[in-house]
Protein chains: 2
Amino acid sequence: MVRDGYSGLTYEAVAKAAGTARAVLYRRWPQRHLLLEAALRRFWAPIEVPDTGSLRADAITLLERINDERADLIAVLGAKLADYYRDTGATLTELRDKIGMAGREAPFDAVLARALDRGELRHPPAAPRIASLPLDLLRHEMMMRSGRTTVDVIVEIVDLIWLPLLNASPHPTSGSASGIAIARQRG
Amino acid sequence: MVRDGYSGLTYEAVAKAAGTARAVLYRRWPQRHLLLEAALRRFWAPIEVPDTGSLRADAITLLERINDERADLIAVLGAKLADYYRDTGATLTELRDKIGMAGREAPFDAVLARALDRGELRHPPAAPRIASLPLDLLRHEMMMRSGRTTVDVIVEIVDLIWLPLLNASPHPTSGSASGIAIARQRG
DNA sequence: GTTTTTAGATACACCTGTGTCTCTTAAGGA
DNA sequence: TCCTTAAGAGACACAGGTGTATCTAAAAAC
């Protein structure tokens, strides 16, 4: 229903795509955001986290799956929902949390945990933002391109950014090799 | 004109905000994307790149300026333009390049160049994606939050991600400290 | 089996933006 | 000054979505 509506996250389009009448939608989801959340929950199937035995392959495979399965919806989210949620005062982050099945583990956490178990990583990431970095970058890419990105980009994110970073800074408070000051001096 | 239209990147709203008639807009910008590009060029003032003497402060200051000056417009871009440009087959990246005053240097390039001159960095970033990483992450954050982000986030992007990464991997082809395989096996 | 609930289908008035056309008025150039 | 060009204002039919109301037919509950 979301899939082909595309520029149609409207009661009208949803009703047509769902093969039902607008009145039915209004009865069940009187407010727009309820309708959209329900529609998204319907299509936001969980993505299987790969377990290949290597952090790099896990990461690349996972990003590829997300790229394949979420690109269309992300394009719609970025475009159509953002302004509605902005008017409501809510954000896409909140929407993501809402339909993202609160409590479910972030996909890259599992990948990282296994890498630590195998000894492939010596230390866990210094902050949640690092764990979610590849997904954030992929999402950014999908939003900017309004759809799928290429495998090249995914490989670059993993090989040039994520893996080097994971192996770089053990702790946010201890300086890295070059002695840059890492501290929260600003609030 | 873009500023208060907000949910109004329409001929109608632009005309009203500009205090003119719709017909005038149609005459000068017969196609919507021409109108939007012109409107954006009007408000997309260049951002002054700071020169504080330190890479870290430069980066944080620059991100803060972008955060302050672009947040509103980014929110609109992400929301309203994405779907129009998607329908056209174009992307936000292309739009950014178009209004981003082609040929103008990416803001973080100047910051990096100075850091290299000072000897603060030993090697240039291994790829353009690394140079643009903080801006990409900030943009992602602004899109997801439909507006400004906080200083904390900016500091995290710089201290936890960008600086450690810049000091980590000299070359995409030589392994880093932990010997992860960095190669483009897929493509 | 009867009653209650719900789905599905119209129909309605309404609003907002679209793209085009016309007319008048104000400026600018020669 | 005259003449050309564009600005500004308004009208137009039209398309699409909105939110509500009403009706019938099909399920579900009892």
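This report covers the protein surfaces next to DNA strands C and D, and one helix pair in chain A. The model is predicted, so local features need pLDDT of at least 70 and side-chain atom pairs count only at pLDDT 80 or more, while totals for chains, interfaces and linings use all residues. Residues are numbered from 1 along each chain as its sequence is written, chains are lettered from A and ligands numbered from 1 in the order in which they are written, and side-chain values use heavy atoms, with hydrogens and water left out.

**DNA strand C**

A residue is near a strand if one of its heavy atoms lies within 4 Å of it. DNA strand C is surrounded by 13 residues, the closest being Thr20(A), Arg27(A), Arg28(A), Arg22(B) and Arg32(B). Of the atoms of DNA strand C that come within 4 Å of the protein, 44% belong to sugar and phosphate. The largest share of this surface, four residues, is supplied by H3(A). Helices here are DSSP runs (H or I, at least four residues), numbered from the N terminus. By class, the surface near DNA strand C has six nonpolar, two polar and five charged residues; Ala, Val, Leu, Ile, Met, Phe, Trp, Tyr, Cys and Pro count as nonpolar, Asp, Glu, Lys and Arg as charged, and the others, Gly among them, as polar.

**DNA strand D**

Among the 13 residues around DNA strand D, the nearest are Arg22(A), Arg32(A), Thr20(B), Arg27(B) and Arg28(B). Sugar and phosphate make up 41% of the atoms of DNA strand D that come within 4 Å of the protein. H3(B) gives the largest share of the surface near DNA strand D, four residues.

**Polar contacts**

The table lists polar contacts to both strands (pairs of N or O atoms within 3.5 Å).

| Protein atom (N or O) | DNA atom | Distance |
|---|---|---|
| Glu12(B), backbone | phosphate oxygen, strand C | 3.2 Å |
| Arg22(B), side chain | base oxygen, strand C | 2.6 Å |
| Tyr26(B), side chain | phosphate oxygen, strand C | 3.2 Å |
| Glu12(A), backbone | phosphate oxygen, strand D | 3.4 Å |
| Arg22(A), side chain | base oxygen, strand D | 2.5 Å |
| Tyr26(A), side chain | phosphate oxygen, strand D | 3.2 Å |

**Helices H9 and H10 of chain A**

H9(A), residues 133-145, packs against H10(A), residues 151-166, at an angle of about 150°, with the axes 10 Å apart. The two helices are therefore roughly antiparallel (angles over 145 degrees). In H9(A), the residues Leu133(A), Pro134(A), Leu137(A), Leu138(A) and Glu141(A) meet Val153(A), Ile154(A), Ile157(A), Ile161(A), Trp162(A) and Leu165(A) of H10(A), where contact means heavy atoms within 4.5 Å. The contact of H9(A) with H10(A) has ten nonpolar, no polar and one charged residues.

How values were computed. A polar contact is a pair of N or O atoms within 3.5 Å; within protein, one must be able to donate a hydrogen and the other to accept it, and residues adjacent in sequence count only if both atoms are side-chain atoms. Axes are lines fitted to C-alpha atoms, for helices over the stretch in contact, and angles run from 0 to 180 degrees between N-to-C directions. Angles under 35 degrees count as roughly parallel, over 145 as roughly antiparallel, 65 to 115 as roughly perpendicular and the rest as oblique.
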